[in-house]
Amino acid sequence: MSTAAEAPIAAPAPPSLRQDSTAAWRRWRWPLCVLVVIVLAGTVIALTVPAGDDGRRLSPANAAPEGGRALAQVLGRQGVDVVRADRTDEATGATTLASTLVVADTMLLAPEQLDRLARDDASRLVLIEPDEVTLSVLAPQVRAAGYSNRTDPEYADCSVGAAVTAGDIRGGGHLYARSGRATDGGVAVCYPQSDSDDTSGVDSSTERGSYVVTTANGRQVIVIGQSDLLTNEHLAENGNAALALNTFGAQSSLVWYMPDPLEVVGADQRPALTDLMPGWVLWSLAQLALVTLLAMAWRARRFGRLVGEPLPVVVRAAETQEGRARLYRQAGARGRAAATLRTTSLRRLATRVAAPGGTTPQQLVVLVAAATGRNLFEVEQTLLGPAPASDGALVELADRLDALERAAGIHSTPTRPR
C-alpha cells in the first residue's frame, strides 16, 4: 500500500556504473570487434610479407614466381653491384661508363624520360619487351614484329656470344626485327621465330626473333622479347640463366630501372588521378551514378497529401476507468483499487499544497492536515491506512478521499467506484 503511494513522488534512481558499462559495451562491441579484426589482419600481413617486396613483375626485390629476385641474387654473388632505381634521376645518376642499364615496363616512360635515358652514359643498355615508342628513341634500328605464343625451346641461330653460350632458351614472347633505318650488320637477330597469329603485318620472310642486339647512341643495346626467362619461375630452365647472366652481368655495375608510374616527369606534367585510370572507369562511374539515382527515384517513399480517415470506433475515456473498476470487483482486488484511488489523491493533494520534490507520503500527510485543518490521524488513515476489508469499506474510503480533496480546495469528479 505505501509503495504505491511513494512511487509518484520519489525521483527515479540513476543508473549504476555497472549498468552504464554494460550499456556502453553492448553499443560498441561490434565496432570494436571489427577494429580488432582489421588490426590483426594488418599485423599478419605486415609479418608475412617480406620487407622490400614490391610485388612488381621482374622486380629484383620480388621473390614471387614472376619476380626477378633470383637473378639479382645470383648476379650479386658473382660480384655484380645491382642497384634498383624507380626514378629516372636515380637511374641516370647511378650509371657510369662501366654500367649496364636495364629498363623494364617501358610503356610507363614519357618522352622526356626516354630522352634522358638516351643521353645516359651507360655503355650497355638492356630493354625488356620495349614498345615502338621506346625503340624509336633508344634503338631506332629495331622495330616490333609481333608476338609468339609458342614457348618451346628455341636455339640461338646467331653469332652473338651470350646467345651462343646459353644455347636453347624459352621460346615465344615479343618478337623484333630490323627497321627501315637498320644498317648492314647493325642488328643481330637471335632465336628467330614467326608470329603465332601472323597479325603483325610483317612480311613472313622478315627475320624476327626474341633477342636482338644492336648499337645506338654509341653503345650496345640489347632487346629481350621473352621476359619469362628472367623470372624466378623459369630462370633455371634450359639456357635461360646463362643468357640472363651473360646479358646482365657483363659488367660489374648493373642499374635495374623499374619506372614509377607516379613519377613527375615535368613541372607542368604532373599526372592527375584521372590520367592514370583507364578510360572506361569514368564512364562506368557515370553509369553507376545514373543507375543509383534511378533506383532511388523508383524505391523512394513518396508522400502524398494528407487524407482524413474516420476511426473505426470511438472509445470514451471513462470506459477504460470503468473497465478497470469492473476487473477489480470481479477479482476482489479491493486493496489494489484502494491503492489506485489513494495514489491519485496523493498526486492531486501534493500539487495543491505545493509539496517540494522528494516529499515522502508521511510528510505530505502533515502538509495536507495543516492545509485542511483536519485531524492528523484521520488524514493519515485516509491516505495511508490499511486496505478496506469489504466493498462497503472501499466505498467509504472513496467518499473520505473526495471529502478530503474538497476540503483542500480541489474540485473534481467523484472518485467513488461504480
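**Close-up views of a predicted model**

**View A. Arg87 is a partly exposed residue, with a relative accessible area of 32%.** Like everything shown in these views, this residue comes from a predicted model. Which residue does Arg87 pair with in a salt bridge? Its partner is Asp260, and the closest N and O atoms of the pair are 3.1 Å apart. Arg87 sits in the loop between strand E1 (81-85) and helix H4 (88-94), while Asp260 belongs to the loop between strand E9 (253-257) and helix H9 (273-276), so this salt bridge ties together parts that are 173 residues apart in sequence. Side chains of opposite charge can pair when their charged atoms come close.

**View B. Arg116 and Asp89 meet through their side chains in a salt bridge.** The N to O distance is 1.8 Å. Arg116 is found in helix H5 and Asp89 in helix H4, so the pair joins parts that are 27 residues apart in sequence. Are these two residues buried, exposed or partly exposed? Arg116 counts as partly exposed because its relative accessibility is 31%. Asp89 is also partly exposed, at 46%.

**View C. Asp105 and Arg56 form a salt bridge from one loop to another.** Their closest N and O atoms are 2.6 Å apart. Look for Asp105 in the loop between strand E2 (99-103) and helix H5 (111-118), and for Arg56 in the loop between H2 and helix H3 (69-77); the pair therefore ties together parts that are 49 residues apart in sequence. Asp105 has a relative accessible area of 22%, so it is partly exposed. That value can be set against the cut-off for a buried residue, which is under 20%. How many salt bridges does the structure hold? There are 11. Elsewhere, Arg57, Arg170, Asp228 and Glu237 are linked in a network of salt bridges.

**View D. Val255 is a buried residue in strand E9.** Its relative accessibility is 0%, which is why it counts as buried. Which residues touch Val255, once its neighbours within four places in sequence are left aside? The contacts are Val83, Ala85, Ala91, Ala94, Thr95, Thr100, Leu101 and Val102. Follow the chain from Ala91 to Val255 and you will see that they are 164 residues apart in sequence, yet their C-alpha atoms are 6.5 Å apart in space. Stepping back to the whole protein, residues 24 or more positions apart account for 68% of the contacts with a separation of 6 or more.

**View E. Five nonpolar residues make a surface patch of about 540 Å².** They are Trp25, Trp28, Leu32, Leu35 and Val39. Take Trp28 as your guide: this residue lies in helix H2 (residues 17-48). At 48% relative accessibility, Trp28 counts as partly exposed. For the whole protein, the exposed area is about 24500 Å², and carbon and sulfur atoms supply 57% of it.

**View F. Helix H15 (residues 391-407) lines up its buried residues on one face.** This helix has 17 residues and reaches 24 Å from its first C-alpha to its last, close to the 24 Å expected at 1.5 Å a residue. Which residues of H15 are buried? They are Leu394, Leu397, Ala398, Leu401, Asp402, Leu404 and Glu405. Seen down the helix axis, these buried residues fall within an arc of 165°, so they line one face of H15. Their cover includes helix H12 (334-352), helix H13 (361-372) and helix H14 (376-384). Just after H15 comes Gly409, with a positive phi of about 95°.

**View G. Helices H12 and H10 make a useful pair to look at for burial.** In H12, the buried residues are Ala337, Ala338, Ala339, Leu341, Arg342, Thr343, Ser345, Leu346, Leu349 and Ala350. The 19 residues of H12 should span 27 Å at 1.5 Å a residue, and the end C-alpha atoms are indeed 27 Å apart. Ala354 follows H12 and has a positive phi, near 60°. Now turn to helix H10 (residues 279-299), which has 21 residues and reaches 31 Å between its first and last C-alpha, close to the expected 30 Å. H10 is hardly covered, for the count of buried residues among its 21 residues is 1.

**View H. The whole protein has 15 helices and 9 strands.** Of its 418 residues, 34% count as buried.

Conventions
Residues are numbered from 1 along each chain as its sequence is written. This is a predicted model: local features need pLDDT of at least 70, side-chain atom pairs count only at pLDDT 80 or more; totals for chains, interfaces and linings use all residues. Side-chain values use heavy atoms; hydrogens and water are left out. Patches are made of residues with over 30% relative accessible area and no salt bridge: like charges are joined within 9 Å, nonpolar side chains (Val, Leu, Ile, Met, Phe, Trp, Tyr) within 5 Å. Accessible areas come from the Shrake-Rupley method with a 1.4 Å probe; for residues, only the protein chains shown count as cover. A salt bridge is a side-chain nitrogen of Lys or Arg within 4 Å of a carboxyl oxygen of Asp or Glu. Helices (H or I, at least four residues) and strands (E, at least two) are DSSP runs, numbered from the N terminus. Buried means under 20% relative accessible area, exposed over 50%, partly exposed in between (1.4 Å probe, protein chains only). The expected span of a helix is 1.5 Å times one less than its number of residues. The arc is that of the directions from the helix axis to the C-beta atoms. Contact means heavy atoms within 4.5 Å.
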